[in-house]
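Student: I should like to understand how the terms used for a protein structure are justified. May we go through them one at a time?

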Amino acid sequence: MAERTTAQQPFAGWDKPDLDLSDAQWRSGSRGAGDVQIAFVEGFVAMRQAGRPGSPSLVFTPAEWRAFVVNARDGEFDLT
């Protein structure tokens, strides 16, 4: 079977910039007890796994972040 490579296109409606997170000030997302870190960069919220800081980060708009936090508080996500 032949291998093929496809260029990865951004998702439709993806309006977030490619943020430079190299100088971001990361903070624990759970007051020092968890594996998630967050940073506030250029009006966006970035979240990454603390144990693997080189891994990709999720980027949220303020409205997306609020919805994520509200749903997490309601038990929608298991953040442990």
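Tutor: The discussion that follows takes each term, sets a value against its definition and draws a conclusion. Please keep in mind that this is a predicted model.

Student: What elements does the chain have, and in which order do they run?

Tutor: The chain has one helix and four strands. From the N terminus on, the order is β-β-β-β-α.

Student: What makes the arrangement of the four strands a sheet, and is the pairing parallel or antiparallel?

Tutor: Two strands count as paired when at least two bridges are found between them. Strand 1 and strand 2 (residues 36–41) are joined by two bridges, strand 2 and strand 3 by six, and strand 3 and strand 4 by three. Each of these pairings therefore satisfies the rule of at least two bridges. The result is an open sheet in the order 1-2-3-4, with antiparallel pairing.

Student: Why are strand 1 and strand 4 said to stand at the edges?

Tutor: Strand 1 (27–28) and strand 4 (58–60) each have a single partner strand, so one side of each has no neighbour in the sheet. Helix 1 (residues 62–73) packs on the sheet and touches strand 2, strand 3 (44–49) and strand 4. The direction of helix 1 makes about 105° with that of strand 4.

Student: Which residues are examples of bridge partners?

Tutor: Arg-27 has Ile-38 in strand 2 as its bridge partner. Val-41 stands opposite Phe-44 in strand 3, and Val-45 has Phe-60 in strand 4 as its partner. The hairpin of strand 2 and strand 3 has two residues between the strands, and Glu-42 takes a positive phi near 50° there.

Student: Why is strand 3 described as largely enclosed?

Tutor: Five of the six residues of strand 3 are buried, so the rest of the structure largely encloses this strand. For the chain as a whole, 26% of the 80 residues count as buried.

Student: How do you know whether Phe-60 is buried or exposed?

Tutor: The cut-off for a buried residue is under 20% relative accessible area. Phe-60 has 11% relative accessibility, and therefore counts as buried. Phe-60 lies in strand 4. Leaving aside residues up to four places away in sequence, Phe-60 touches Lys-16, Phe-44, Val-45, Met-47, Trp-65 and Phe-68.

Student: How does the reasoning go for Trp-65 and Thr-61?

Tutor: At 17% relative accessibility, Trp-65 counts as buried. Thr-61 has 18% relative accessibility, and therefore counts as buried. Thr-61 is placed in the loop between strand 4 and helix 1. Apart from neighbours within four places in sequence, Thr-61 is in contact with Lys-16 and Phe-44.

Student: Why is the pair of Phe-60 and Trp-65 called edge-to-face?

Tutor: Two conditions have to be examined. Ring centres must lie within 6.5 Å for a pair, and planes over 60 degrees apart count as edge-to-face. By this rule the count is three aromatic pairs. For Phe-60 and Trp-65, the values are 5.2 Å centre to centre and 70° between the planes, and the pair is edge-to-face. Ring pairs also link Phe-60, Trp-65 and Phe-68 into a cluster.

Student: What makes a set of residues a nonpolar core, and which residues form the largest one?

Tutor: The residues must be buried, must belong to the listed kinds, which include Ala, Val, Leu, Phe and Trp, and must be joined through side-chain atoms within 4.5 Å. The largest nonpolar core has nine residues: Leu-19, Leu-21, Ala-24, Trp-26, Ala-39, Val-41, Phe-44, Ala-46 and Val-59. Strand 2 and strand 3 each supply at least two residues of this core. Another core, of six residues, lies apart from it, and includes Ile-38, Met-47, Trp-65 and Phe-68.

Student: Which residues does Leu-19 touch?

Tutor: Not counting residues up to four places away in sequence, Leu-19 touches Val-41, Glu-42, Phe-44 and Val-59.

Student: How much area does the chain expose, and what share do carbon and sulfur atoms supply?

Tutor: The chain exposes about 6,800 Å², of which carbon and sulfur atoms supply 49%.

Notes. Residues numbered from 1 in each chain as written. Heavy atoms only, no water. Contact = heavy atoms within 4.5 Å. Axes fitted to C-alpha atoms, helices over the stretch in contact; angles between N-to-C directions. Buried < 20%, exposed > 50% of the residue type's maximum accessible area, 1.4 Å probe, protein only. Phe/Tyr/Trp six-rings, centres within 6.5 Å; stacked < 30°, edge-to-face > 60°. Areas by Shrake-Rupley, 256 points an atom, 1.4 Å probe, with all protein chains shown as cover.
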